[in-house]
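Open the model in your viewer and keep the sequence panel beside it. We will go from one selection to the next, and at each stop I will tell you what is there.

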Amino acid sequence: MAQEAAILDIGSSRITAMIARRGVNNTITVLGKGECEYPGYEDGEFYRPEELVNVVFKAVSAAETDANMKIRHLYIGVPGQFSVTQCKDVTMSLGKRRKVTDEDVDKLLSMGAEFEGASDLELINSQPVYFTLGDDRKLIQPVGMTAQRLSGYVSYMLAEKKFIDLFTRVAADIGIASVDFVSALLAETLFLFDAVVRDRYAVLVDIGYTVTDIAVARGDGIVRQFSFSMGGAHLTEDLHEDLSVRYSLAETLKRKIVLNLEFSPDDTYDLPIKERIMSLPATQVNDVAYARMNKLAKTINKCLGSCDLPPTTTYGLTGGGISYITGAIDYLSKKTDRQFDIVAPDIPRLNKPHLSSSVSLMDMVLGSSVPTKKKGFFAKLFER
């Protein structure tokens, strides 16, 4: 029988539960999906955390009903704002010159898994950036090669214990037997960029509703990560305040914006309101959007300015914050002086930027892209 898995994706405006299995040609077949909007989080804190149990229950129940199965084990994605990356050089002797094994690699990764002054953090993922075998050559896969010493530059993803404790309690309250936590940002970088691209460095910018997460990836790991509270909701708020339109209308207006056209003073964006049309000057609307995009680009540049990135670096944009605004990707590329492309799951019916995090998490747990800390990764997860 095909192996199913269940994930919980904690977005900045909605929580998504998904049950899926591997399909034909290694695709993902979604068996059940549920989502629920909620107040979200900013600056590492949840708005109205007392509502989380009810929100997660609604999302999980909808997915279970859709799939006609009960979730026993849940993989919970840790958002960028609740995680940190620490990279280390780790070295071990193999005793004598011999072939490197998978067990050697696992041992090397575990050797660096101690972190001073990190009592409020918990390790959730360990990934190699590259390996070396006694010389300066950087390798992605050392298994099977002969050496006397194995070294590696390892990326360790750590989650805030308060996040883990919070969602462990939430899961228990809704009857989930057990949980594991994985880095949502790591899952996205591994899924959305292929290995050849990551070997040359890749930058993922996930712009959500209230939060933007940035990952600088190399090899199979993240070497730097950043997070700041700015996203699509901030542009909606700007339109709401600067143009004096209701917030719901501002959200509709945002999706109509076209940033790569020159408008005349007579051009308008038209919004249907009951039996009439509200017309707003296109140049005025775009000026508001440009101002927010400039702030976004400036903050992204500030984050990436501290990274020594080669010219071969690939830049990807995902998330639902601005990906659907026509011309946003071109404007962001121009203002950051970096060529961004929109990246999303290459799977039919799931190929939308706002689904990147959920689908990436599912791919990780189904494909075992990332080793977990516990044995029995493919133990039975469900009861029907």
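## First stop: two loops

Start with R349, which sits in the loop between strand 18 (340-342) and helix 10 (356-367). Helices (H or I, at least four residues) and strands (E, at least two) are DSSP runs, numbered from the N terminus. Before you click further, note that this is a predicted model, in which local features need pLDDT of at least 70, side-chain atom pairs count only at pLDDT 80 or more, and totals for chains, interfaces and linings use all residues. Residues are numbered from 1 along each chain as its sequence is written, and side-chain values use heavy atoms, with hydrogens and water left out.

Check the backbone of R349: its phi is positive, about 70°, although R349 is not a glycine. Most residues other than glycine have a negative phi. R349 counts as exposed, at 76% relative accessibility. Here buried means under 20% relative accessible area, exposed over 50%, and partly exposed in between (1.4 Å probe, protein chains only).

Now select K274, in the loop between strand 15 (268-273) and strand 16 (276-281). K274 is not a glycine either, yet it has a positive phi of about 55°. Is K274 buried or exposed? K274 is exposed, with a relative accessible area of 85%.

## Second stop: the whole chain

Zoom out and colour by secondary structure: you should find 10 helices and 19 strands. The C-alpha trace spans about 80 × 50 × 45 Å along its principal axes. For 384 residues, a compact globule would have a radius of gyration near 21 Å, and the 22 Å of this chain agrees with that. That radius is taken over C-alpha atoms, and the globule rule is 2.2 Å times the number of residues to the power 0.38.

Of the 384 residues, 54% count as buried. Among contacts (heavy atoms within 4.5 Å) with a separation of 6 or more, 67% are between residues 24 or more positions apart.

## Third stop: strand 1 and its partners

Select residues 4-10, which make up strand 1. How many of its 7 residues are buried? The count is 7 of 7, so strand 1 is mostly covered. Show the side chains: E4, A6, L8 and I10 point one way, while A5, I7 and D9 point the other way. In a regular strand the side chains alternate between the two faces of the sheet.

Add residues 14-22, strand 2, which runs antiparallel to strand 1 and is joined to it by 7 bridges. Two strands pair if DSSP finds at least two bridges between them. Strands 1 and 2 form a hairpin with 3 residues between them. Next add strand 7 (residues 73-78), which runs parallel to strand 1 and shares 2 bridges with it. L8 is a handy landmark: it stands opposite A17 in strand 2 and opposite I76 in strand 7.

## Fourth stop: helix 1

Move to residues 52-67, helix 1, and pick E64. E64 counts as buried, at 13% relative accessibility. Which residues does E64 touch, leaving aside its neighbours within four places in sequence? They are I19, M69, K70 and I71.

In helix 1 also select N54, which is partly exposed with a relative accessible area of 42%. Draw a C-alpha to C-alpha distance from N54 to E4: the two are 24 Å apart in space and 50 residues apart in sequence.

## Last stop: strand 17 and helix 9

Select residues 314-318, strand 17. Of its 5 residues, 4 are buried, so strand 17 is largely enclosed by the rest of the structure. Strand 12 (residues 202-207) pairs with strand 17 in the parallel sense over 5 bridges, and strand 18 runs parallel to strand 17 with 3 bridges. Click on Y315 to see both pairings: V203 stands opposite Y315, and Y315 stands opposite F340 in strand 18.

Then bring in helix 9 (residues 328-336), whose buried residues are A328, I329, Y331, L332, S333 and T336. What covers these buried residues? The cover includes helix 8 (282-304), strand 17 and strand 18. Finish at D337, just after helix 9, where phi is positive, at about 60°.
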